[in-house]
Amino acid sequence: MGEFKVHRVRFFNYVPSGIRCVAYNNQSNRLAVSRTDGTVEIYNLSANYFQEKFFPGHESRATEALCWAEGQRLFSAGLNGEIMEYDLQALNIKYAMDAFGGPIWSMAASPSGSQLLVGCEDGSVKLFQITPDKIQFERNFDRQKSRILSLSWHPSGTHIAAGSIDYISVFDVKSGSAVHKMIVDRQYMGVSKRKCIVWGVAFLSDGTIISVDSAGKVQFWDSATGTLVKSHLIANADVQSIAVADRCLISCSKKRQLLLFQFAHHLELWRLGSTVATGKNGDTLPLSKNADHLLHLKTKGPENIICSCISPCGSWIAYSTVSRFFLYRLNYEHDNISLKRVSKMPAFLRSALQILFSEDSTKLFVASNQGALHIVQLSGGSFKHLHAFQPQSGTVEAMCLLAVSPDGNWLAASGTSAGVHVYNVKQLKLHCTVPAYNFPVTAMAIAPNTNNLVIAHSDQQVFEYSIPDKQYTDWSRTVQKQGFHHLWLQRDTPITHISFHPKRPMHILLHDAYMFCIIDKSLPLPNDKTLLYNPFPPTNESDVIRRRTAHAFKISKIYKPLLFMDLLDERTLVAVERPLDDIIAQLPPPIKKKKFGT
Amino acid sequence: MAALEEEFTLSSVVLSAGPEGLLGVEQSDKTDQFLVTDSGRTVILYKVSDQKPLGSWSVKQGQIITCPAVCNFQTGEYVVVHDNKVLRIWNNEDVNLDKVFKATLSAEVYRILSVQGTEPLVLFKEGAVRGLEALLADPQQKIETVISDEEVIKWTKFFVVFRHPVLIFITEKHGNYFAYVQMFNSRILTKYTLLLGQDENSVIKSFTASVDRKFISLMSLSSDGCIYETLIPIRPADPEKNQSLVKSLLLKAVVSGNARNGVALTALDQDHVAVLGSPLAASKECLSVWNIKFQTLQTSKELPQGTSGQLWYYGEHLFMLHGKSLTVIPYKCEVSSLAGALGKLKHSQDPGTHVVSHFVNWETPQGCGLGFQNSEQSRRILRRRKIEVSLQPEVPPSKQLLSTIMKDSEKHIEVEVRKFLALKQTPDFHTVIGDTVTGLLESLCPDLMEIALKKKDVQLLQLCLQQFPDIPESVTCACLKIFLSIGDDSLQETDVNMESVFDYSINSVHDEKMEEQTEILQNGFNPEEDKCNNCDQELNKKPQDETKESTSCPVVQKRAALLNAILHSAYSETFLLPHLKDIPAQHITLFLKYLYFLYLKCSENATMTLPGIHPPTLNQIMDWICLLLDANFTVVVMMPEAKRLLINLYKLVKSQISVYSELNKIEVSFRELQKLNQEKNNRGLYSIEVLELF
């Protein structure tokens, strides 16, 4: 079926930053997550928890609070004292507004979703009115003596509870005055903590306030009388969760066997090693040359890198932050590499959501956050802007996935919700649009020769669309008719990369975080009764049985968690793994807890 | 078990400790705060939990503190003496010691002593003692001389015994030691000569004392490295007479006598002392905790940076100067128990007992019967009985009761249940009760078991034990008493549920073979290798039939079924233990024998389970053995007929410990293997491998 040499790479030393706060939107079933590096991500819980959108982080922005308001508007506030609203269509920050209360620790939208409340360092609670395109300061509540760390509205919207250091206040929203002040006991079981920080409050409709604090207590209060009803001690454990980002952080140069790793503030370029040995399945081959760390490229400024790419020929590296686009030319002389920045980038190439080089490395495709797609011609050490595909009138949706055909004629671009647009690069016009599907696209690629566009969605469906014919291929229709194997649909991580074998047109190579799969379109599809994944190689079964049980999906689960896998040449694969143990080893001690044994 | 916890340093501030170390560490009126007086000019108040100083006060340049600062617990003020005669009193708000209250005394102060609950005492170098208040009333009052010339106070301690302050101080003159005990209220001063025994050359290096009702137990660490104890009566027989006291050896050679560094001794509690010093002349200094009752070393901690040979102990903290910084080592002594030693001390409910929903579904009592009990047999029996019941033409009282329970008020139900229980036992009585109690909680009908206990209705009790998840431990224990004491003949008449009992007599032939096997290999361990050779010999001398006894069930089957119900019931150790103490010793022995028998049966197969449908688990058996022994050890150990059993249990425990220690050893090898395995899987950061997809 297929034998490959696999470059198994584990030196991508990526650690996702910690999650600071989450906000769930009930209506759209989406979860907004902010990380310690200021990144805000939006996960679509209906679409297999797929990370739909992300807003790159910034060093000076420490997001402390996130909340959704009416009309699925997302706000965040942080220690820089600003309230920000995110544009979920254009994927940028709509505006940032200083609340003038020092660092903001907490934020809550009113039950109606029309008002926003922030709790500040200086002890003030500020009420903002949410207007259709902005927010407007309305008034201050009675100033408290220390920072407001948590806020909660009464479901009726008439009162709020504010957790501070050592006490909880209840405010009347109409008058803005504090109705009650409930002192939280610093001690528990005789152990005196220095300060009791009320990290969270919840206001129930019957007037009960529930607080959680740094002494590890969960307490129930009666907001009408301001008295403590019940107190429970729970564990004083921190909870954090980790998730590896779905978005692509790795790109590879097939020709020079290079890997480019993207971190928040730098890029790393590695050259893969080589071997002359051969072996049988499962063997580890002796290396004749080890992998080299060629380059460490640091960004300037506080902004995180949004995306990066290395050209297939290995002589260009492009990356982008929120405000700047960088293009570098690499020169190889034996073992030395020289790096030259291409200066004078045009103004429209400011912030890219996705960068892609054509197969022959002569063209650069950039998806900007205004929804435009730029095509840049690269030749020698210079570049020329060829064309910009403007977004369809009326839409501002940003494109975040790009795919180009190996012959360089077709460019496919996908946003977060609408369908995939296919552009004709030669004629510089929109060729067709693949019909929109309910679930976001997680990966796509265009096959050589046939120019079939293979699209994977977050609900684990895979489609094959013929670009020249502007219709789904027969194989794709057959698959849809028969349906995927139930175990295939039950996988919980999205397909993040699709590639093709240059010599085997019937093969589609794709992978998610836990498996690598070759779909052989010439073989029958598995039905729910067949074994989808068989970890054991066939032994001495007769050819007949083997042929009868063989099906289109050839799966390998050896490499996990798999961040990236691509075909370098006909017989060589590169797999980038990020072992969870390595990430766990870098987490602060309370997160990993040994449960049994001593 | 006494244990030293992880040490911590109080602050990075280097204390100006002289060659003799610090002047002292004293308690303040707040539990967590301590006054540290260095050997120079400074007093620092530390908060131990925060590991940082709260305040610091110094006397002027040129002055020197001569007596460690103490806290006056009655006023919350601090008292210190500098330049031998100048007394200063201040509190937390004061900044400068130069500006605080000052009193110049007429004699030199040895130490100010302060304990909770009484005013501080001032001990002068000449041996006179004054209360602080009385002294402050007239600071220049004349201070008499108590001790003779060239006699020097070496050590002192202040106790409150039954609200009477008692002061003891030790003096030395030309190598002779004297103890003075001053009853402060009665102003009686008694002088004792401490006899050093044969070794006249030994010098006492450190003292500590603890006190009980009648005696002050003075412990001294001598230069020969041994700890001696001297008992000093608090109320002397004849205070006028000079009396001699003999010391007795308590612990031998705990530290090296001729070590260069200082040694120190502190009593931690009744049974434990902490010793600071080098165990061998050349080795590094150690803090060790000794159990003086068993004369064993409990724990020890190396202090590589050296100490000043001083040790203070307050509350749960040991203070010492380690290197240049003041170090605190928390000391904990937890009560140990056999269950704890076996690692079976329980904190949560036995997972073996099933938790029943607190909701009673009255709609389906007939259909479900004992439905949630996961055995087919009981269901079958009940169903059969129910058929019999329904065959009866008229509505039996039990049916009426059931219908009453299903629809009536709580009050009425109670009345009806009482009425029903008062009735003569009907054949379907227990079936009805079974139906009724299914899904009920004991707390919902507290009288039911009470009545059953009174009537000694073991069948009902068994049913209740099986069904109620919330029986109070006292009731469980009362059931146990009845189950153990009820006569075999009266048991014959009852119809107890036998599903938890397996007929052990069936495979008696097989048994014998097994028995031999258990003798040789108890759970993989060979008791022959046991160090307890003498008890083995004793055991071997016993006639064969007694060995036989341990492998045949010591109780009749019905009683076994009842006892199994007890084993299955839920309990909390703390509440059960006191009740277990009330059970007569013969019954305890019988139960232990039965449990031991079950254990032997368990260890016969690899899965360590008993045959049968719902047998007691090994954990339940072991827990109950531990419980019974913990509750009644002193009683059982005195009984001659329990001796053999105890030896067997002792061997059992020992074999278990050996097995576990062997397992621990194996674990190390396994870990290495696992590491190798991981290395194989984890081929470093980069590799090229061959993958073939089929």
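In which sense, parallel or antiparallel, do S14(B) and strand S15 (residues 164-173) of chain B pair, and over how many bridges? They pair in the antiparallel sense, over nine bridges. Keep in mind as you read that this is a predicted model.

## The five-stranded sheet

Let's start with the sheet that holds this pair. It is an open sheet of five strands in chain B, and their order is S14-S15-S16-S17-S21. The pairing in this sheet is mixed. At its edges you will find strand S14 (152-161) and strand S21 (243-246) of chain B, each of which pairs on one side only. Ignoring direction, neighbouring strands of this sheet are turned against each other by 25 degrees on average.

To see the pairing of S14(B) with S15(B) up close, look for Phe159(B): opposite this residue stands Val166(B) in S15(B).

## The four-stranded sheet

Chain B also has an open sheet of four strands, in the order S7-S8-S9-S10. Here the pairing is antiparallel. Strand S7 (65-72) and strand S10 (101-104) of chain B are the edge strands, and each has a pairing partner on one side only. From one strand to the next, the twist averages 20 degrees.

Within this sheet, S7(B) and strand S8 (residues 77-82) of chain B pair over five bridges, in the antiparallel sense. You can find one such match at Ile65(B), whose bridge partner in S8(B) is His82(B).

## A buried helix

Now for a helix. H15(B) has 12 residues, and from its first C-alpha to its last it reaches 16 Å, close to the 16 Å expected at 1.5 Å a residue.

Why is H15(B) described as largely enclosed by the rest of the structure? The reason is that 10 of its 12 residues are buried. Among them are Arg559(B), Asn564(B) and Leu563(B). The cover over the buried residues of H15(B) includes helix H9 (458-467), helix H10 (473-485), helix H11 (488-493), helix H17 (585-602) and H18 of chain B.

## Two helices that cross

One of those covering helices deserves a second look. The axes of helix H15 (residues 557-568) and helix H18 (residues 618-638) of chain B come within 9 Å and cross at roughly 90 degrees. H15(B) and H18(B) are therefore roughly perpendicular to each other.

On the H15(B) side, the contact is made by Ile566(B), Leu567(B) and His568(B). H18(B) contributes Gln620(B), Ile621(B) and Trp624(B). Sorted by kind, the residues of this contact are four nonpolar and two polar, with no charged ones.

Conventions: Residues are numbered from 1 along each chain as its sequence is written. Chains are lettered from A and ligands numbered from 1 in the order in which they are written. This is a predicted model: local features need pLDDT of at least 70, side-chain atom pairs count only at pLDDT 80 or more; totals for chains, interfaces and linings use all residues. Side-chain values use heavy atoms; hydrogens and water are left out. Axes are lines fitted to C-alpha atoms, for helices over the stretch in contact, and angles run from 0 to 180 degrees between N-to-C directions. Angles under 35 degrees count as roughly parallel, over 145 as roughly antiparallel, 65 to 115 as roughly perpendicular and the rest as oblique. Contact means heavy atoms within 4.5 Å. Ala, Val, Leu, Ile, Met, Phe, Trp, Tyr, Cys and Pro count as nonpolar, Asp, Glu, Lys and Arg as charged, and the others, Gly among them, as polar. The expected span of a helix is 1.5 Å times one less than its number of residues. Buried means under 20% relative accessible area, exposed over 50%, partly exposed in between (1.4 Å probe, protein chains only). Two strands pair if DSSP finds at least two bridges between them.
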